[in-house]
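I opened my notebook to see how the strands and helices of this chain are put together. Here is what I looked up, entry by entry.

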Amino acid sequence: MRRRLLLGSADLLLARGAAAQGAAGAWAPDRPVRLLVGFAAGGSSDVTARLVAQAMSERLGQPVLVENRPGAAGNIAAEAVARAAPDGHTLLFGVSSTLAANRWLYRTLPFDTLRDFAPLSQVSVIPNLIVVNPQLPVRSIPELIAYAKANPGRLNYGSAGAGTSLHMASASFAARAGLEMVHVPYRGGAPAATDLIAGKIQMIASPMVEVVGAVQAGQLRALAVTTARRSPLLPEVPTVAETLPGFEIPLWNGILAPAATPPAAVARLSAEIGAALRTEELRRRLLEQGSEPAPSTPEQFADFIRAEIPRWAEIVRLSGATAD
């Protein structure tokens, strides 16, 4: 009798699991899916989004098309997705600056991160890499600090725009080290890196994916990463925290849908993003660029964003940056 009850309970659980899987797979896109990126082509967000979009396309049976909507630290793309039809066909590739820092940088925003989006999955965590033009006579963070203090206001650092994570990382570093440097905003990380290589600016704190190739080619010099520990991709490069204890500004990104997207679409999209990130091919390509894959459930990603918002409030306060 007890055995029959146990077997019956097990069958019921299996049936419920199968039903849940069926519900998750009940939705499918019936036309191409747009994945909006709030930054210029060639930057960290764009590169990662295109890798994930390709893998998602294969799994969904529909093209996932990356659409760049640069401007306002990702706010333009985020607003477009927040106002899009909640049918699973318009998604946002969101980043830490847009989803967490902008709340503290802008007096008003055309969207609310916690109210207007349905998180699907986190995608990756990325170290910022502080790099300089090789003509600058510094080879370490202590040397950079000494040079900047000896030349106040003469060092320029680039960013992907006012209020972006690149801006926050450099401004926070300058604040912690007591440096006077000039911010030069661009419309994306890629053009900032291009001007750094050309010697038009002297430093950027860039997502590793955007500059690791230039570092390996000798076009840029890497001084430090902004994460708490060194990157396996460049283990010889120290952390900023080895000079300025406690300094840590990692970047992260993920994919979100409009808030009212049906649960079946959220479940299917989240499952396919997670499955793509667990494939050996996509993991390898992300790790080769310095990104650490970080798939999550919608609930986990929502909790993560909720916790990151107050953390970025402190980063913004420390940097003294504003975007308005």
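Entry 1, the six-stranded sheet. I began with an open sheet of six strands, whose order is 2-1-3-10-4-11 and whose pairing is mixed. Strands here are DSSP runs of E with at least two residues, helices are runs of H or I with at least four residues, and both are numbered from the N terminus. I count two strands as paired if DSSP finds at least two bridges between them. At the edges I found strand 2 (64-68) and strand 11 (292-293); each has a single partner strand, so one side of each is left without a neighbour in the sheet.

A note on what I am reading: this is a predicted model, in which local features need pLDDT of at least 70 and side-chain atom pairs count only at pLDDT 80 or more, while totals for chains, interfaces and linings use all residues. Residues are numbered from 1 along each chain as its sequence is written, and side-chain values use heavy atoms, with hydrogens and water left out.

Inside this sheet I followed strand 4 (residues 117-126), which pairs with strand 10 (residues 251-258) in the antiparallel sense over eight bridges. Which residue of strand 10 stands opposite phenylalanine 117? I found proline 258 there.

Entry 2, the five-stranded sheet. I then turned to an open sheet with the order 7-6-8-5-9, again with mixed pairing. Strand 7 (182-185) and strand 9 (221-225) are its edges; each has a single partner strand, so one side of each is left without a neighbour in the sheet. Ignoring direction, neighbouring strands of this sheet are turned by 30° against each other on average. For such angles, axes are lines fitted to C-alpha atoms (for helices over the stretch in contact), and angles run from 0 to 180 degrees between N-to-C directions.

Strand 5 (residues 128-132) and strand 8 (residues 203-207) run antiparallel and are joined by five bridges. Asparagine 128 has proline 207 as its bridge partner in strand 8. I also saw helix 7 (residues 189-198) packing on the sheet, where it touches strand 5, strand 6 (156-159) and strand 8. Contact means heavy atoms within 4.5 Å.

Entry 3, helix 4 with helix 11. The axes of helix 4 (residues 96-105) and helix 11 (residues 298-319) come within 8 Å and cross at roughly 55°. That makes helix 4 oblique to helix 11 (under 35 degrees is roughly parallel, over 145 roughly antiparallel, 65 to 115 roughly perpendicular, the rest oblique). Among the residues in contact I noted Leu99 and Trp104 of helix 4, and Ile305 and Trp312 of helix 11.

Entry 4, helix 2 with helix 10. Here the axes of helix 2 (residues 44-60) and helix 10 (residues 280-288) come within 11 Å and cross at roughly 175°, which makes helix 2 roughly antiparallel to helix 10. The contact is made by Thr48, Leu51, Val52, Gln54 and Ala55 of helix 2 with Leu282, Arg285 and Leu286 of helix 10.

Entry 5, the whole chain. I logged eleven helices and eleven strands. Along its principal axes, the C-alpha trace spans about 80 × 40 × 35 Å.
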